[in-house]
Amino acid sequence: MIWNPPIGIAADYAAGTALLRDLLRAVGKGLEDDTEFADCVARTTAHLEKQQAKYFVLETGEIVSMTDDDPAASVRRLASEDIPDAVAKAEAAIAGQNDDWLASLRADWQPHFASFYSDALYFSFPG
């Protein structure tokens with residue numbers, strides 16, 4: 001939305017949040033005594049409830065501009081391969097068919113789920 005070429009990704013909000021909540025529940029079944037994970041789930045859930053909309057909009061510009069790859073091609077790959085692959089893994093794990101992947105998430109959950117939501121947007125103007 002703010003990049004040229006347009007490289008944002010939009011997806012159904014309700015379906016995405018339902019999948020994330022189900023995945024967090026599945027991961028949490030092995031982390032019942034981890035208060036840090038429980039706090040992360042509570043913050044994530046509160047943020048999702050506050051931000052409800054028809055669509056998620058993922059602004060990918062910062063991520064894809066970190067490499068020398070073509071940004072538009074990188075986003076096409078995200079939308080056609082990476083995101084569908086992650087969704088398939090999550091759906092299989094929730095259904096009890098991907099226990100190894102689920103165990104790997106539990107063993108190192110922070111890089112996958114820990115986020116720092118903020119109500120403020122920080123930016124600066126050049127010069």
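# A chat about a predicted helical model

Author: From the N terminus on, the elements of the protein run β-α-α-β-α-α-α-α. This is a predicted model, in which local features need pLDDT of at least 70 and side-chain atom pairs count only at pLDDT 80 or more, while totals for chains, interfaces and linings use all residues. Residues are numbered from 1 along each chain as its sequence is written, and side-chain values use heavy atoms, with hydrogens and water left out.

Reader: How many helices and strands does the protein have?

Author: The protein has six helices and two strands. Helices (H or I, at least four residues) and strands (E, at least two) are DSSP runs, numbered from the N terminus.

Reader: How much of the protein counts as buried?

Author: Of the 127 residues, 23% count as buried. Buried means under 20% relative accessible area, exposed means over 50%, and partly exposed lies in between (1.4 Å probe, protein chains only).

Reader: And what area does the protein expose?

Author: The protein exposes about 9,000 Å², and carbon and sulfur atoms supply 56% of that area. Accessible areas come from the Shrake-Rupley method with a 1.4 Å probe; for residues, only the protein chains shown count as cover.

Reader: Let us turn to α4. Why does its end-to-end distance agree with its number of residues?

Author: Helix α4 covers residues 71–94, which is 24 residues, so at 1.5 Å a residue it should span 34 Å; its end C-alpha atoms are 32 Å apart, which agrees. The expected span is 1.5 Å times one less than the number of residues in the helix.

Reader: Where does α4 bend?

Author: The bend is at L78 and amounts to about 45°. The bend at a residue is the angle between axes fitted to the seven residues ending there and the seven starting there. Just after α4, G96 takes a positive phi of about 80°.

Reader: Which residues of α4 are buried, and what do they pack against?

Author: A72, S74, V75, A90, A92 and A93 are buried in α4. The buried residues of α4 pack against β1 (8–12), α1 (13–28), α3 (61–64) and α5 (99–107). Contact here means heavy atoms within 4.5 Å.

Reader: What about α1: which of its residues are buried?

Author: In α1, the buried residues are Y13, T17, L23, L24, A26, V27 and G28. Their cover includes β1, α2, β2 (55–59), α4, α5 and α6 (110–113). The 16 residues of α1 should span 22 Å at 1.5 Å a residue, and its end C-alpha atoms are 22 Å apart, which agrees.

Reader: Is A15 in that helix buried or partly exposed?

Author: A15, which is in helix α1, counts as partly exposed because its relative accessibility is 47%. The C-alpha atoms of A15 and F56 are separated by 9.9 Å, although these residues are 41 residues apart along the chain.

Reader: Which residues of the largest nonpolar core touch the most other members?

Author: Of its 13 residues, L23, V27, F37, L102, W109 and F113 do so. At least two residues of this core come from each of α1, α2, α4 and α5, and α1 gives the most, with four residues. A nonpolar core is a set of buried Ala, Val, Leu, Ile, Met, Phe, Trp, Tyr and Cys residues joined through side-chain atoms within 4.5 Å. In soluble globular proteins, nonpolar side chains tend to be buried together.

Reader: What is F37 in contact with?

Author: Leaving aside neighbours within four places in sequence, F37 is in contact with L24, V27, G28, L31, W109 and F113. There is also a second, separate core of five residues, which includes I7, I9, V64 and V75.

Reader: New topic: how many salt bridges are there?

Author: The count comes to four salt bridges. A salt bridge is a side-chain nitrogen of Lys or Arg within 4 Å of a carboxyl oxygen of Asp or Glu. One of them joins the side chains of R21 and E49 (4.0 Å, N to O). R21 lies in helix α1 and E49 in helix α2 (residues 35–50), so the pair ties together parts that are 28 residues apart in sequence.

Reader: Which residue forms a salt bridge with D85?

Author: K89 does, with the closest N and O atoms 3.4 Å apart. K89 and D85 both lie in helix α4, four residues apart, about one turn of the helix. K89 counts as partly exposed, at 32% relative accessibility, and D85 is partly exposed with a relative accessible area of 41%.
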